[in-house]
Amino acid sequence: MNPILTLETTAYTLEQLISLAEPQIALAGRSNVGKSSLINALAGRKKLAKVSATPGKTRSVNYYKVTPYNFYLVDLPGYGYARASHSEREKWAHLLERYLVECSSLKALALLLDSRLEPQMLDKNLASFARTNGLNIVPVLTKADKCTQRERANRQNEWQELLGTRPVVTSSSNRFGIDNLWRILVETAVPQRVASGAAENAEAENEQEIRQKSENND
C-alpha cells in the first residue's frame, strides 16, 4: 500500500517555505514535464493536483503531507515557460533558489525530466545549482509511455552520466514506476524510520521463526 498524499498548505513567501520542521522533498521540472499528473499518480487520485491548461501558470508552492511517514512533497512552480513575464520569472527563480539553499529540512530535489527529450540546458542548470549547494538529487523520468524502451534507456544513461545517479522511470497514465518512486522518496526523506521499520520487521520474522521451530519440536 502506497503512502497517503494530502494537500496541506500553500506558500508564497520564503518565510512560509522554510517554516516547517518536517523533512521535505522538492519536486521541480519544466512547465510541461507532467508534474501535476505525477503527483496525482502518486496520490492515486485524479484531481489532487490541478493540471493547468496553461503550462507555467501556477505561481505558488504546494505542500503535500505524506502519511504515515510525516514528510512533505513540495510542488515548486514549473520553469521555462515564456508566457510568464521576465520580471516574474526572475522573482520566482530568486525565491526558489533561496528556498533550495536555506531550507534546513529539505532532504532532496526530485528533478522531473521528460523521457522524450535529450538533457535540456534548464534542467542541467538546476541540477548543477543543486549539486553545488550540496543538495541530493532524485532524477525522475516522466511520460515513459510516450517513448520506446530503447529511448528510455538512452535517457537514463545520459542523465546517469551527468548526475552519477540513474533516474527512476515513470508514467502517470499507466502508473509504471510509481511504486518504485514512492520507495525511493520515503527512503530519502526518512531513512531512519525506514531502517527502524526494517529492523522491526526482521525481529518479528525472527520471533515467528523461533515460535514455529518450538512448535515443531513439541
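## A single cavity

This predicted model holds one cavity of 30 Å³ or more. The volume of the largest cavity is about 40 Å³. Its lining is made up of Leu-113, Asp-114, Leu-117, Glu-118, Pro-119, Gln-120, Asp-123 and Trp-159. Sorted by character, the lining residues are four nonpolar, one polar and three charged.

## Helix α5 and its two sides

Trp-159 is a good link to the next topic: besides lining the largest cavity, Trp-159 is one of the buried residues of α5. Helix α5 covers residues 149-163, and at 1.5 Å a residue its 15 residues should span 21 Å. The C-alpha atoms at its ends are 21 Å apart, so the expected span and the model agree.

Which residues of α5 are buried? They are Arg-152, Arg-155, Gln-156, Trp-159 and Leu-163. These residues lie on the same side of α5, because they cover an arc of only 100 degrees around the axis. The spacing rule behind such a pattern is a familiar one: an α-helix has 3.6 residues a turn, so residues three or four places apart point the same way. Turn to the other side of α5 and you will find Arg-150 and Glu-161, which are exposed.

## Cysteines

How many disulfides does the model have? The count is zero, taking a disulfide as a pair of cysteine sulfur atoms within 2.5 Å.

Are Cys-103 and Cys-147 buried or exposed? Buried means under 20% relative accessible area. Cys-103 has 5% relative accessibility and therefore counts as buried. Cys-147, at 11% relative accessibility, counts as buried too.

Note on methods:
Residues numbered from 1 in each chain as written. Predicted model: local features only at pLDDT ≥ 70, side-chain atom pairs only at ≥ 80, totals over all residues. Heavy atoms only, no water. Buried < 20%, exposed > 50% of the residue type's maximum accessible area, 1.4 Å probe, protein only. 1 Å grid on protein atoms, 1.4 Å probe; cavity = no way out; pocket = protein on both sides within 12 Å on 5 of 7 lines; lining within 4 Å. Points joined across faces, edges and corners; volume = space filled by probe spheres on them. Nonpolar A, V, L, I, M, F, W, Y, C, P; charged D, E, K, R; others polar. Helix = DSSP H or I, 4+ residues; strand = E, 2+ residues; numbered from the N terminus. Expected span 1.5 Å × (residues − 1). Arc of directions from axis to C-beta.
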